[in-house]
Amino acid sequence: MNTTNVRWPDSLWAAATPPGPDLPELIGTQQADVIVIGAGFTGLSTALHLREAGVDVAIVEAAEPGWGASGRNNGQVIPTLSRPDPDDIVARHGAVGERFVGMLRDSASTLFEVARRYKIEAEQEQAGWVQPVHSPGRIKIAERRVRQWSNYGAPVDLLSREQAREMLGSDAWYGGFWNRTGGHINPLALARGLARAVLGLGARIYARSPAESFERRNGKWVVKTAKGEISGRSLVVATNAYSGEFSKSLVPDIATEVMPILSWQMATQPLSDNVRKTIIPGRQAMSDTHGELYFARYDARNRLVTGGAVIGPGNKAERLKARVTERLQRLWPQIGEISFDYVWNGYVGMTTDFLPRIHRLGPNAFGWTGCNGRAVALTIPLGGELAKAVRGVPEKELALPFTEPVPIVAHGLLRKLAPLMLLVYRRRDAREM
């Protein structure tokens with residue numbers, strides 16, 4: 001990437017969102033109490049919470065705030081993980097797992113509250129999130145999740161087939177799981193709004209300054225870029241799926257414990273009011289139980305924002321348009337003719353067990369990766385917890401299940417083969433449980 005000119009994806013969010021703040025590059029020698037690498041949701045939230053506590057903080061960003069996964073995703077605000085349920089998390093991590101589950105339970109409401117508090121205009125709608133089940137046997141998934149999340153106080157409901165039909169405007173699903181605190185948001189607008197809030201509280205953001213390395217020197221952390229360096233007492237690495245994309249040597253153990261998977265997003269032309277009222281009439285965010293995920297939500301202009309996956313050579317965007325058009329017309333025959341005004345992609349950071357990885361990187365240094373498609377809600381309270389860790393809050397009070405990095409063996413080869421997992425997911429999706 002040219003570090004002076006950042007090219008944004010041709011996404012709906014880039015087209016619909018006002019420009020972000022003008023930011024300097026990191027040039028020369030700088031200092032801060034805390035250095036954050038990455039101006040996505042996690043890094044921005046960490047800096048925001050640190051400034052609320054009066055801590056001096058500077059962010060070093062490779063491109064611009066929201067350029068990576070934070071500004072490219074579908075914008076669904078989902079207060080769960082993609083696969084592991086509360087009992088799985090607690091079985092793995094014990095008491096800290098319970099605290100993490102509590103943080104996750106409240107994560108969507110935390111995001112919407114931060115947006116309200118800082119008057120961030122990001123098309124946010126807390127209309128709820130629904131996970132419909134795509135075969136009769138998979139109602140067991142919804143039943144399990146409702147039971148477990150109810151045990152932890154989450155506002156969840158089990159939907160019958162009739163209720164799912166009414167909520168979604170389609171006969172395609174057999175019931176589902178509904179969480180009333182979820183919703184959707186313009187993710188790039190959220191990132192840029194968080195950046196303005198951080199700057200307004202007195203933090204610094206250095207953009208177009210990819211971090212090349214960091215080291216411990218004379219009791220401080222020193223982060224180096226092509227044009228400068230910055231030193232500080234504490235360090236937070238918040239680069240997630242893009243951890244190895246700008247510098248292979250920045251955090252190699254973290255970059256190779258997560259698999260960056262290309263995720264495609266798409267936005268239709270605005271639907272007419274008559275059609276929109278028959279397709280997800282309550283404007284909930286929706287993502288179902290397919291491994292090859294079916295998902296959709298509206299933006300503020302009544303575009304249906306969805307996406308899909310495609311493998312093999314050729315014009316992937318055009319092939320995807322055809323595949324997703326067929327899917328939408330099958331799910332919602334009333335939608336009629338469809339055209340897509342925007343198709344874009346970005347990385348999702350996947351781990352082998354679909355759990356995030358949170359690490360101590362050294363004295364007063366922390367990092368994480370592995371959003372597994374759930375980063376929008378998760379990262380805002382996660383940034384608050386990382387800010388507490390930096391400030392010295394005792395570990396027994398943190399909702400951070402620390403682990404050691406475990407790189408994936410033959411990561412480079414498996415990254416090339418990972419798209420073929422789509423074939424496995426399609427086969428599993430066709431089977432009844």
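User: How much area does the protein expose, and what share of it do carbon and sulfur atoms supply?

Analyst: Good place to start! This is a predicted model, where local features need pLDDT of at least 70, side-chain atom pairs count only at pLDDT 80 or more, and totals for chains, interfaces and linings use all residues. Residues are numbered from 1 along each chain as its sequence is written, and side-chain values use heavy atoms, leaving out hydrogens and water. With the Shrake-Rupley method and a 1.4 Å probe, the exposed area comes to about 17000 Å², and the carbon and sulfur share is 51%.

User: What percentage of the 433 residues count as buried?

Analyst: A residue is buried under 20% relative accessible area, exposed over 50% and partly exposed in between (1.4 Å probe, protein chains only). By that rule, the buried share of the 433 residues is 58%.

User: Which residues touch the most other members of the largest nonpolar core?

Analyst: Such a core joins buried Ala, Val, Leu, Ile, Met, Phe, Trp, Tyr and Cys residues through side-chain atoms within 4.5 Å. Here the largest one holds 70 residues, and the two that touch the most other members are Leu44 and Leu194.

User: Which helix gives this core its largest share?

Analyst: Helices (H or I, at least four residues) and strands (E, at least two) are DSSP runs, numbered from the N terminus. The protein has 14 helices and 20 strands. The largest share of the core, 10 residues, comes from residues 375–390, which form helix H12.
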